[in-house]
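Colleague: I'm new to this one and would like a close look at a single part. Could you walk me through it once we have the structure up?

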Amino acid sequence: MKIAVLPGDGIGTEIVAEAVKVLDVLDLPFEMESALVGGAAYEAHGHPLPEATLKLAMDSDAVLFGAVGDWKYDKLDRPMRPEQAILGLRKHMGLFANFRPAICYPELVGASSLKPEIISGLDILIIRELTGDIYFGQPRGRRVATDGHFPGAEEAFDTMRYSKPEIVRIAHVAFQAARKRNKKVTSVDKANVLETFQFWKDVVTEVHAEYPDVELEHMYVDNAAMQLVRAPKKFDVVVTGNMFGDILSDEASMLTGSIGMLPSASLNTKNQGLYEPSHGSAPDIAGQGIANPLATILSAAMMLRFSLNQPDAAARIETAVSSVLASGLRTTDIWSEGTTKVGTREMGDAVVAAITKTITKG
Ligand code: IPM
Ligand code: MG
């Protein structure tokens, strides 16, 4: 088995190093190979997703990804920007199903900006369609308007679109995930305004006929944004399109206290996957050794479970993370009075130590 390790930019290199340390101590039969991606790859090879990096990713069973992006690349032409690397990997690997769990650890209830009673025990799963929608729809571009409010003016446009098979397959993913959880799916749309999302709603309803044991609810995206902060525990699995999923998953992450805790998985039809923290490259704190590596470490656990068929090793990582939190260690983002502030490396070391302890205990 082979893992492609793509740390990327900003805090990406720091947090991925900790996840690799954790994978190493598990002593499992796989090979890891690193490559540059994002701004780092652009600097070295003139492209955010060089041929060699893409090939390594495509030829691997799983990709462990850090983060890409830095403000200093904002002026580059769009195809050369770091973000294109992650979009390119999603597209070329066909990673259509994005799992973004939002779980509130009991120790971190106080780190959320919401009241403890609203979020304690929270465990929701956002399933975001990742290769369609307005992110990839063609045509797009800039032109001179021939109609609309200002004919003759410069304008820009993107295309929102979904084909039936794209909706069918993500709907199956959501219903099957719900079956293993609390058997409820909330499909988020904007069917009251958008043709694309009326179609989305109709197709999800059709697929639901195969899952009578799972409850299906439809919700408009504006209402979903509100319900997420009003009564988030009413959700179980949320399934939605690429753009709404991008926005709602950031919102959901904050319910848990820190985006620094949330892993994610992006899978294709062959269970090949890309695993990355839900947060970005945080250039403002890069190089300071203070980033929280737990989202990446937990992403490595998801990778072991979903793509590498090592559920026991995944559970060992997750248990270790819980015990480290219980012992009171916190990176800055989740620190609160009475806990011990540690840096990126110390946090990684603590997880490694907790795993080693469970291994020696048998
Ligand atoms: C995410 C990010 C990406 C997205 C960016 C970096 C292209 O925000 O993974 O949520 O919009 O999908
Ligand atoms: Mg996002």
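Let's take strand E12, residues 273–277: is it largely enclosed by the rest of the structure or not, and why?

Modeller: Sure, and keep in mind that this is a predicted model. Strand E12 is largely enclosed by the rest of the structure, because 5 of its 5 residues are buried, which here means under 20% relative accessible area. You can see that on both faces: Gly273, Tyr275 and Pro277 are buried on one side, and Leu274 and Glu276 are buried on the other.

Now for the strands that pair with E12. Strand E3, residues 62–67, runs parallel to E12, and 3 bridges join the two. To find that pairing on your screen, go to alanine 62, whose bridge partner in E12 is glycine 273. Strand E11, residues 263–267, runs antiparallel to E12 and is joined to it by 5 bridges. Here alanine 265 is a handy marker, as its bridge partner in E12 is tyrosine 275. E11 and E12 make a hairpin, with 5 residues between them. Look in that turn for asparagine 271, which has a positive phi of about 65°.

While you're in there, have a look at the cavity too. The model has 1 cavity of 30 Å³ or more, and the volume of the largest cavity is about 40 Å³. Its lining includes Leu262 and Ser278, along with Arg100, Ile126 and others. Strand E4 (97–103) and helix H9 (242–255) each supply at least two of the lining residues. By class, that lining has 5 nonpolar, 3 polar and 1 charged residues.

Key:
Residues are numbered from 1 along each chain as its sequence is written. Chains are lettered from A and ligands numbered from 1 in the order in which they are written. This is a predicted model: local features need pLDDT of at least 70, side-chain atom pairs count only at pLDDT 80 or more; totals for chains, interfaces and linings use all residues. Side-chain values use heavy atoms; hydrogens and water are left out. Buried means under 20% relative accessible area, exposed over 50%, partly exposed in between (1.4 Å probe, protein chains only). Helices (H or I, at least four residues) and strands (E, at least two) are DSSP runs, numbered from the N terminus. Two strands pair if DSSP finds at least two bridges between them. On a 1 Å grid over the protein atoms alone, a cavity is a set of points where a 1.4 Å probe fits but cannot get out, and a pocket is an open set with protein on both sides within 12 Å along at least five of seven lines; lining residues have an atom within 4 Å of a point. Grid points are joined across faces, edges and corners, and a volume is the space filled by probe spheres set on the points. Ala, Val, Leu, Ile, Met, Phe, Trp, Tyr, Cys and Pro count as nonpolar, Asp, Glu, Lys and Arg as charged, and the others, Gly among them, as polar.
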